[in-house]
Amino acid sequence: MSHTVFEDYFVPILTPHLSNGEIKRLLGNLGKPSSFLDTFIKPQVYCEDQGHYLHISSKFDETGRDHIGAKGMLDNPEDWPVQTYFTNALRIDTNTIPARPMERTDIGPFYIFTFEHDENDISFFKDQLNWAKHTRQPRDSMMGQFDTHLASQFKDYAGCCMVWSGNKSFHCHFAFSTDELKAMPITSLRDGFRATWHTLQGQFKTHFAIPAHIKADASLQRPEQLRRLPNGIRAGGPKIFGVTDAQVVTPQVVVFENIRVRNTGNQSVFSPSDFIQSPTVVAKRAATSSRKPVTLMNNNDEMEYCAAKMRSIFTSFPKFEGFKEEGGKLTARFLNGPDDQNPASIMDEDHRTILIRGKTDDNYPKARPLPLTLGEMVQNWIVEFNASKLKPMGEKRSHLEQTFADTAKDRQSAVQAISDVMTDLVLDGARLNLLSAAEGISKSRSLFVNMRRYFAVKDMRTAMVAFSTYELAKEKCKEFNTIQTENKTALTGIVLFSHARIYAIACEKLKIKPFTVADSVSFGDPSLDHTIKTRQPAVSEMIEKYFNGIILQRTNKTVFFTVHDVAHGWHRKPSTRRMISACQSFEDIKKDTAIDLLIHDEVSVDNLVTLAPMEYREWITRLSFTKHEGKRLWTSSTSPNDKFKAFKKYSETDPVPAGLTFETACELFEAKVYETVTLANSNEYAMDLKEDSPFNVAGQQWTIHIKPWPVYQRTLVLTTEALPATLSKKIAYVNEEDRIKWMVTELDTPHIARSPVEVRPSTRVTSKTGGLRIAEFTAANPSFKPIGNKLKGVVGSNTHHTAKGSNAYLGLDIVQLLTCLPPTALARLEAINAWLGIGTAVRLYHIDQFNQTCGRNLGFRAPVTGPAPKNIVLANRSVWNAMATIIYYSRYAVAIQEVAA
């Protein structure tokens, strides 16, 4: 049927079911050549010199899948449009009795992973068709976003194609170069491809938000399985639209395709561990009929998983009794009835049905056959089992992580499980632990309840809990003391302000302007402390009174609640420690104020590394090496006041680089060991980057300094964010002297349903207009509390940072704003991209921000009963399109609400 004839025949049939736009989307590429077909399929259809081919066929039920048809395609290229199916690469076998296709898996130039969800439902058909829908460019569509996501992860990703099957489904093909795979040691090629299919299928299902009850066609994990050929034909009409005429020929139209030109990912989709696993093929047929015994299941966990699957299928008699290996083959044994004591009935690995032996019970119906042979079903279940051990981003869970994932079935079990995990880490873990877990899962409360046990087991005197803000520290200290009172413990929580903070508070109370180092220098004083003591005695008295009060409150079971900077400087800055101790000698003060346990809440990128443009470093180096009267202007022993004078004096002849403050210059001067990276444009916002664009960072040089962490008996760092966790894995040692490194534990809850979040992407939401959009929204919806950056003037608003960790939004509706980062902030994240060798730092930043703010009122903070509060996201479309490519990092179920523009 020609293009025109097809449209004349089908458009009237499709019109009652699909809109004009959907019909155009389905048929728009009819008659056009397929780049995917020409790039990835035709060139490897028959490679005699390499010994492999792709089986090409117009029939589904043929056996053998030999190379004859593929070879014929070279001589008859005009036959491509009348073919229906293709496979991945198979080894050419010219023996009289060739090996089965499953035994001839080979490596071609490209491997194509295919996903199909076959559901007889017009609504789901339209959902799939709309995966190719876009407003401006194909890359804006859901398929385009997933294509970008794969390119940001995998350096060997090559392109994709979405093909209409001619009936009720679409075959989504994703091609990967096998260059990396060919360099790997391989003992189990077919199993490796299948394991990789499961990993990608999980990401595919998450990205497209496919309902749990709609399953992917698991047979497509097999390399030898037939899959729909782009621009091929289907014999028979699309029954989903009521066409039952078997004589109708339906073109397999390409709905979406893209061939990658450049990727930002730095890892291979093929994991070596997947290709060196013990083979799960039960028995292999050679040219003769002999069979060799092989181990089917690698461990008892796999065997029990497969046994549970069998028990769930054969719930009545004949009832599954167990597996047994007989004659080198796997068999399943069955009991015929309740009085049967001998499981003699059998199903072997090559069959789908039970061979009944002995007397049967007529009260029970005949068992239905398995969808595939027992051997193939077990293979699928083992791959499924192993895939269940992976985190959402595809990494394998540790034993502790897997135990948590298996245990956390609901809110109550998750809270108990997180308590157990943190207790393990505090009492028996490494000295420096980073724990990533969901927002609101009661991390803080669990720690507070268990703190008495920590003090007893570790014989501790002082612990410190550090937060991002003093407001949070005060909120959590109040919660801690309430718990200790209820539990009748001797522990005391005290909010500890830094000297700088209590100075600002005192000035505010006395309505006095606080002095700065610049003021102190202008007075000719030797230090800021001297200026405060001599020129603001009332303030100095208040400061001293505050710290004397801390001394009186302290017990031998004290927990300080403070901010990150105080915790980080505890081992370096003795001034605060001296002021809260009654001891006299410095050694006694150090012992008296030593921290036994540090809990560091919500670690940030800035807690882990110092990022700075190279021009900052170069300017500071020039300043520090400049001499006056034979002495260098800046050294480690130079006082802050003298440093400030030198900073101002030197900048008169060598202007300070834009954005470099005196405080930042002091920090960078002390961070002497650093690495240098050259930035590239990962372009995660998919902008049209012109050479003069402020977002064009290519070629910029930045420096990264790994911050040394204080060494305590035990440190537990908490986060809900992916970017700090990703960064910490790169850091070798945070304390070179003691060779201490991060031990990272990432927890997820695959068995707990995710709270829904409504996202409204729009080009009308920008950094400049975001405040106006939020103000318009809250005016129309006054019950919503606004959270976002650049919301100055919006009543009741908070930034994402200040709202982080807060319980103040429980039960309230939230509207949040997500907009593009400014160029300087973007460059910082591009520096992380360059250092880590990834291309996702900007997206991870936004996903973390999104998760944090969703977690203020949803997830584990949602009400146990009754309606959940709403969380609506007004997002810049470029930001959301970028985030959508790694949406599997989201802890919330996203529902897109399209808005104009």
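How many bridges join β19 to strand β23, and in which sense, parallel or antiparallel, do they run? I began my notebook with this question, and I note at the outset that the model I am reading is a predicted one.

**Entry 1: the sheet around β23**

I looked up the pairing and found that 5 bridges join β19 to β23, which covers residues 701–706, and that these strands run antiparallel. For one point of contact I followed Pro613, which stands opposite Trp702 in β23. I then traced the rest of the sheet, which is open and has 3 strands in the order β19-β23-β22, with antiparallel pairing. Its edge strands are β19, at 609–613, and β22, at 675–678, each of which pairs on one side only. I also noted the twist: neighbouring strands of this sheet are turned by 25° against each other on average, with direction ignored. As a reminder to myself, strands of a sheet pair through backbone hydrogen bonds, either parallel or antiparallel.

**Entry 2: the sheet around β2**

I turned next to an open sheet of 4 strands, where the order is β1-β2-β3-β7 and the pairing is antiparallel. The edge strands here are β1 and β7, the latter at 227–228, and each of them pairs on one side only.

I went through the pairs one by one. Strand β1, residues 46–47, pairs with β2 in the antiparallel sense over 2 bridges, and Tyr46 stands opposite Tyr53 in β2. The hairpin of β1 and β2 has 4 residues between the strands, and in this hairpin Gly51 takes a positive phi near 80°. On from there, β2 pairs with strand β3, residues 85–91, in the antiparallel sense over 5 bridges, and the bridge partner of Ser57 in β3 is Tyr85. Then β3 and β7 pair, again in the antiparallel sense, over 2 bridges, and Tyr85 has Arg228 as its bridge partner in β7.

Why is β2 described as largely enclosed by the rest of the structure? I found that 6 of the 6 residues of β2, which spans 52–57, are buried, so the strand is largely enclosed. In a regular strand the side chains alternate between the two faces of the sheet. I therefore checked the two sides of β2 separately: His52, Leu54 and Ile56 lie on one side, Tyr53, His55 and Ser57 lie on the other, and all are buried because each has under 20% relative accessible area.

**Entry 3: strand β29**

I looked at a second covered strand, β29, residues 871–876, and 6 of its 6 residues are buried. Asn871, Val873 and Ala875 point one way from β29, whereas Ile872, Leu874 and Asn876 point the other way, and all of these are buried. The partners of this strand run parallel to it: 5 bridges join strand β26, residues 756–762, to β29, and 5 bridges join strand β28, residues 813–818, to β29. I picked out one bridge for each pair, and in β29 the partner of Glu758 is Ile872, while that of Leu818 is Ala875.

**Entry 4: cysteines**

How many disulfides does a search of the whole structure find? The search finds 0 disulfides. I took Cys854 as an example, which is in no disulfide, and the nearest cysteine sulfur, that of Cys820, is 18 Å away. Cys854 counts as buried because its relative accessible area is 0%. Cys477 is also buried, at 4% relative accessibility.

**Entry 5: cavities**

I searched for enclosed space and found that the structure holds 3 cavities of 30 Å³ or more. About 70 Å³ of space lies in the largest cavity. I listed some of the residues that line this largest cavity, among them Asn681, Tyr685, Met687, Phe695, Leu826 and Val842. The residues of its lining divide into 6 nonpolar, 3 polar and 2 charged.

**Entry 6: Arg431**

Where is the place of Arg431? I found Arg431 in the loop between α13, at 411–428, and β14, at 432–436. At 38% relative accessibility Arg431 counts as partly exposed, because that value lies between the limits of 20% for buried and 50% for exposed. Lastly, I looked up a distance, and from C-alpha to C-alpha Arg431 and Ile494 are 24 Å apart in space, while they are 63 residues apart in sequence.

Notes. Residues are numbered from 1 along each chain as its sequence is written. Side-chain values use heavy atoms; hydrogens and water are left out. A disulfide is a pair of cysteine sulfur atoms within 2.5 Å. Buried means under 20% relative accessible area, exposed over 50%, partly exposed in between (1.4 Å probe, protein chains only). On a 1 Å grid over the protein atoms alone, a cavity is a set of points where a 1.4 Å probe fits but cannot get out, and a pocket is an open set with protein on both sides within 12 Å along at least five of seven lines; lining residues have an atom within 4 Å of a point. Grid points are joined across faces, edges and corners, and a volume is the space filled by probe spheres set on the points. Ala, Val, Leu, Ile, Met, Phe, Trp, Tyr, Cys and Pro count as nonpolar, Asp, Glu, Lys and Arg as charged, and the others, Gly among them, as polar. Two strands pair if DSSP finds at least two bridges between them. Axes are lines fitted to C-alpha atoms, for helices over the stretch in contact, and angles run from 0 to 180 degrees between N-to-C directions.
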